[in-house]
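The following exercises concern an internal cavity and two individual residues. Each task is followed by a solution in steps.

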Amino acid sequence: MANLRQLVDKIKPTFEKGGKLGFLHSTFDAFETFLYVPNTVTKKGSHIRDCVDIKRVMIIVVLSLVPAMLVGMWNVGYQHNLAFGLGWNFWMTFLYGLLKVLPLYIVSYLVGLAIEFASAQIQGHEVNEGYLVSGMLIPLIVPVDVPLWMLAIAVAFAVIFGKEVFGGSGMNIWNPALLCRAFLFFSYPSKMSGDTVWTGGLSRYIAEGKCFMGGELVDGFSGATPLTQLSSGEITTPVWQLICGNVGGAVGETSIIAILLGAAIIIFTGVASWKIMVSSVIGALAIGGLANICGASAVPCWYHLILGGFAFGTVFMATDPVTSAQTETGKWIYGFFVGALTVTVRLFNPGYMEGMMLAILLMNTFAPLIDHCVTSSHISARAKRIAKAK
């Protein structure tokens, strides 16, 4: 490590402003800060000494996503193995899933980081670390067999129009990963809807009646995800399967155990707000319970917590510190409506059973208004207390 530090210090003047490659200063700075802690300090004004910076926060979130990613990769192979009765062992199953998911990550990071670096060079500012998380999230929430060129276009749209036009990381209104999924959903609905697109990259092979690695499609195999069963009013998938994650669905959204492990990491480190998570659960149970009481749904309200992308969205997407509410009271309001709107969409819009994406994007839009109302209310209440005391 000492030799690497010496090499970086030796070539650094070349990339400083005024050096031969000074126009690549932002790019060099990004790689240096990726390897080492930034050596910049606050020069004036009040500040707090802290070892935590944006890079460390982003890395913690990335690490919290690893359990969901690993289980998701195994599940991709498992769904393929199940569909064609191949009898693979654990490692063959995981290897197949790895080979299917890895290209999604390559495209996500190559396209996204290329735009981030180009934007930093053009504007002359530092490369933001925010895309480390967005690039990790995107492959976990899109169909595993989505065409890579479609994914590249969606990533470019999300980064350019979801981040850069607003000023980069920390300034965006909507969650970039969800914008990517929304772009795919509305631009290429056939690749985002239906049962087979979420069952481990089987849509093309099921249509052809054959397998990618030998074997024929098992008779009676259904690619229906547990969420699509909600429209029929009866969930036939065992609860333990929903919790473990060996069901059809997006790569990172199937295993409740893996998601809860990630939630424990980001709550313990203080990266994400537990208030948003809890209030989202309360909102979902409130609307789901009301539907049970009124007879609008026969599915127990708690099922919504383990179906589809509710758990993943609540833990990793709704808690985005940039696009969620900032005030403490606002977090409770924001989270409640995320959960409530998700279940509302699921119950009353059978054409789009997964309401988590729309609920979070809508509440991203209203998060500043929620904070404004909460702040104004507190200021008004304080003014009244002061006036009464006088």
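**Exercise 1.** Determine how the residues of the lining of the largest cavity divide into nonpolar, polar and charged.

*Solution.* The model is predicted.
- Step 1. The structure holds two cavities of 30 Å³ or more, and the largest cavity contains about 70 Å³ of space.
- Step 2. Its lining consists of Ile141, Leu178, Arg181, Glu253, Gly309, Phe312, Gly313, Met317, Glu354, Met356, Met357 and Ile360.
- Step 3. With Gly counted as polar, the lining of the largest cavity comprises seven nonpolar, two polar and three charged residues.
- Step 4. At least two lining residues come from each of helix 7 (176–187), helix 12 (310–317) and helix 14 (356–389).

**Exercise 2.** Establish whether Thr314 is buried or exposed, and identify the side chain that a polar contact joins to that of Thr314.

*Solution.*
- Step 1. Thr314 belongs to helix 12.
- Step 2. Its relative accessibility is 4%, so Thr314 counts as buried, the cut-off being under 20%.
- Step 3. The side chains of Thr314 and Ser280 are joined by a polar contact of 3.2 Å.
- Step 4. Beyond four places in sequence, Thr314 is in contact with Met277, Ser280, Thr319 and Met356; Met356 also appears in the lining of the largest cavity.

**Exercise 3.** Classify Asp371 as buried or exposed, and list its contacts beyond neighbours within four places in sequence.

*Solution.*
- Step 1. Asp371 is located in helix 14.
- Step 2. Asp371 counts as buried because its relative accessibility is 12%.
- Step 3. Outside those neighbours, Asp371 is in contact with Ala325, Gln326, Thr327 and Gly330.
- Step 4. Glu328 is 43 residues from Asp371 along the chain, with 9.0 Å between their C-alpha atoms.

Definitions and conventions. Residues numbered from 1 in each chain as written. Predicted model: local features only at pLDDT ≥ 70, side-chain atom pairs only at ≥ 80, totals over all residues. Heavy atoms only, no water. 1 Å grid on protein atoms, 1.4 Å probe; cavity = no way out; pocket = protein on both sides within 12 Å on 5 of 7 lines; lining within 4 Å. Points joined across faces, edges and corners; volume = space filled by probe spheres on them. Helix = DSSP H or I, 4+ residues; strand = E, 2+ residues; numbered from the N terminus. Buried < 20%, exposed > 50% of the residue type's maximum accessible area, 1.4 Å probe, protein only. Polar contact = N/O pair within 3.5 Å; in protein donor to acceptor, adjacent residues only side chain to side chain. Contact = heavy atoms within 4.5 Å.
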